[in-house]
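Work through the exercises below with the sequence and the coordinates open. Each one sets a task and then solves it in steps.

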Amino acid sequence: MTATPPTTAEAARPLTTLLADLEASHRSLGMERVRSWKAAAPERRAIGCLPVFAPREVLWAAGALPVFIRGGGDQLETIRGDAYYQSYICRLPRSTLELGLGGWLDALDGMIFPNTCDVIRNLSGVWSSLFPAKLTRFLDPPQAGDQAAGIRFWRSELSALYRDVCALSGREPAPEALRAAILAYHQARRAARRLEAARIETPWRFPVDETYLLRRAGDVMPPLEWARLVDDYLVAAGARTVRPEDRIRVLVQGAFCEQPPLGLLRALERAGCYVIADDLTLGHLDSDDPDPDPGLDPLQALAEAEMVGRTASAVRYDAQGDRGRCLAAEAKRLHADGIIFAAPSFCDPALLDQPRLTKALGDAQVPYTAFKYAENTGQFQSIREQAGTFADSVKLWGHA
Amino acid sequence: MIQKEQSMETQKAMLAGYFGRLATAQRDHRPVVYTFVPGNLTELLSAFDVIPVYPEINALQSGMRQRSDGFIREAERAGHSEDVCSYVKCDLGMMMKGNLGPTGEAIPPPDLLLCSFTGCFVFMKWFELLREQYGCDIAMLHVPYQGDGKLTPAMRAYVVEQLEREVIPKLEKIAGRKLDQARLEENLARSARAEDDLVHVFESAKARPSPIDAYFAGVYYIGPIFTSFRGSQDACDYYAALRREVDERRAAGLGPVTPDGPMAQEKYRLVIEGPPNWTSFRNFWKIFYDEGAVAVASTYTKVGGVYDTGFRHDPRRPLESLADYCLGCYTNLSLPARTELIARNVREYQADGFLFHSVKSCNSFSAGQLHMMREVERLSGVPGGFIESDLVDGRYYSHANIKNRVESYLQMLGSRRGAAGTTSSASAAPPASPQLHLPVHS
């Protein structure tokens, strides 16, 4: 926390307003932020990106706003989308199709589908045939054992994407534009790191529902504007007079794609936990910064950052086979008391990873608990009881 | 008594030999590599004299031998979710129970896990789990998905580079010697010969009656070429013999051989999408042949390679050809490309209908199938059917439900044919004449 805290009276109102705006924006499906950004200039474009990867710098340099689409949440009644999927497939593709078919995504000029799992992969094909007039691109971030090969491939993929989105917005591809975009996202990543650090240091001042709303706002905002918003929030929320409570510090893992309802996140903290870190908005701004050195090829820098600096996760090949050990070490580094595995039902990456991770946590004596959810889960009582029991067990005996 | 084609007996002997070699691999100092069927690099592995093991084949065999349910429960007790792929859980459960193969002997642990990451996201997670158990190295070969419907030079170059820098060096390490380029090329030449014969066998289903069932019997026909025999003389001999056998049946106007004997009358010609259920395989098949329904084409017989659009392994460009093979497997194709392939099969094989078998375990196949079905109907003018079960989790196979659905679907096809006043609904179908744009390998 570096900014001078305003007085409590001054901070209270802006913070309340800021949070109310964030929640209203989150609950609205109409993409007002995207529409108003586009309305400012006719050549502006917006490209949707499915979890968990968005080539933000490339899109921004090409004159397009990257917009993360993380399903329809609990605000959307999914009817048409359900007709496309069997009962044993997660909710994300259904609600995404519902958004598309219902016209909620009309502000977008294209969609990018990364290779996060087979469901999102196949959704790219469904999407391209339902919306042939819009740009649909599938991106396969490198999972290669050989880094050099991965970087070369990824550079060529980014280059092709950059060219195509520039054609959409009528811009000429230019290395300077890419470097400027890299620098803009440097600012946003720094803001994201300030937010992370604040949560870890004083989580009672920065509840998970607020920081989550802030990050979701970043899914639909230009980078510098979002960085300013984060700093406004940190100043206002940091000035709150809030006493720490007797809660345990937890990490939430597995919720990186289909998102839990906001009420579920609130239930976790009300049950006696401080969520000090999570993977809820994986792909937001969590990878390493690409090198902005003007002497370097910016696409090469972006490819290297993706191949070398991408955050370890269930959708990333675990080349060293140490993700479980790293998670246990991270829990200890952050002085977390335990880990909550919250995975969407039928989520292959999260659920296939869980046995491996829990074994490593068991070996390292890090307590954990696990449950499943769906984006439209409406009852949180059982989850609240489970989280509460977990918190009590850890407080009483140091383990679950 | 169960009736079998002569080629099935030949294949049984080949498999017995394979499991025998596997059982003595450690004693014979032959390295063992676990890998997957789609995008397998058998020619390369045999150039190093290593023996491949296919965990998904072990799982399906466990399913056919009624052992998979126990293995799955074992894995679920160990913390694996009921929501995830039953092949993975069956394989892990089998390992927990001693990793015994069909001959009753233990399958040796891998010296290397070769993850050909082609057409299925779960493959990567599966081998991460196996690495935990076996503590061995992984050679990771990332094969990009043809999401935008085309195989680009950048994709091919990426796969070739990984073969050169990741896969071959790791194989050289476990084999203790350099790659024998000439041997690889010989293997690839033999693969191409066997692939020619396989395509001839599957294309025989264009005849009326079809001399083969391209789904239920088809899974036996693809056995050698999709697994450890591709590139071997045994495979060439097997496919040459199979071709003769099928040609003889075709010349005699005979239908397919089913477990209850030759099919008497071909009433319905179907194209089938999706893998079969293995836990009730014979009963599943029986539903069809009892009704006189024959599969004239299927997509499952393309998971280990799509050969009917012209691709062949090519000894003149060994690594590029292996890359093209990996990139071109069925589940690595975009949904529109798969849809067009099915619609083309419906037309070219004069199918009366097409049936989607959706399996809970496999999102690579299943996610998007309902949309594909509607698209195939639109492109072909032929109505589709849809049934659901699982690969090797018997809890999700409901025989009565599937039988009811299949019979109702066939009755509908029959009524449709009657209404059109013809004997073949292929000719009764509206003249859709869709423009299909399948990529054709040259």
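**Exercise 1. Find the accessible surface of chain B and the share of it that belongs to carbon and sulfur atoms.**

Solution. Accessible areas come from the Shrake-Rupley method with a 1.4 Å probe, and for residues only the protein chains shown count as cover. For chain B the total is about 15,200 Å². Carbon and sulfur atoms hold 49% of that area. In chain A about 15,100 Å² is exposed, with 52% from carbon and sulfur.

This is a predicted model, in which local features need pLDDT of at least 70 and side-chain atom pairs count only at pLDDT 80 or more, while totals for chains, interfaces and linings use all residues. Residues are numbered from 1 along each chain as its sequence is written, chains are lettered from A and ligands numbered from 1 in the order in which they are written, and side-chain values use heavy atoms, leaving out hydrogens and water.

**Exercise 2. Test the radius of gyration of each chain against the globule rule.**

Solution. The radius is taken over C-alpha atoms, and the rule is 2.2 Å times the number of residues to the power 0.38. For the 442 residues of chain B the rule gives a value near 22 Å; the model has 21 Å, so the two agree. For the 400 residues of chain A the rule gives near 21 Å, and the model has 21 Å, which agrees. Along the principal axes, the C-alpha box is roughly 70 × 50 × 40 Å for chain B and about 60 × 50 × 45 Å for chain A.

**Exercise 3. Compare the span of helix α6 of chain A with the expected span.**

Solution. Helices (H or I, at least four residues) and strands (E, at least two) are DSSP runs, numbered from the N terminus. Chain A has 14 helices and eight strands; α6 covers residues 147-169, which is 23 residues. The expected span is 1.5 Å times one less than the number of residues. That gives 33 Å for α6(A), and its end C-alpha atoms are 32 Å apart, so the values agree. After α6(A) comes Gly170(A), with a positive phi near 75°.

**Exercise 4. Is Arg216(A) buried or exposed, and which residues does Arg216(A) touch?**

Solution. Arg216(A) sits in helix α8 (residues 208-218) of chain A. Buried means under 20% relative accessible area, exposed over 50%, and partly exposed in between (1.4 Å probe, protein chains only). Arg216(A) has 16% relative accessibility and therefore counts as buried. Contact means heavy atoms within 4.5 Å. Leaving aside residues up to four places away in sequence, Arg216(A) touches His26(A), Arg70(A), Gln259(A) and Thr281(A).

**Exercise 5. Locate the cis peptide bonds between Pro51(A) and Val52(A) and between Arg208(B) and Pro209(B).**

Solution. The Pro51(A)–Val52(A) bond has an omega of about 0°, and Val52(A) belongs to the loop between β1 (45-49) and α3 (56-61) of chain A. For Arg208(B)–Pro209(B), omega is about -5°. Pro209(B) is in the loop between α8 (181-203) and α9 (218-221) of chain B.

**Exercise 6. Give the phi and the exposure class of Gln66(B) and Gln350(B).**

Solution. Gln66(B), not a glycine, has a positive phi of about 60°. The residue lies in the loop between α3 (55-64) and α4 (68-77) of chain B, and at 57% relative accessibility Gln66(B) is exposed. Gln350(B) has a positive phi near 50°. Its place is the loop between α14 and β9 (353-359) of chain B, and at 37% Gln350(B) counts as partly exposed.
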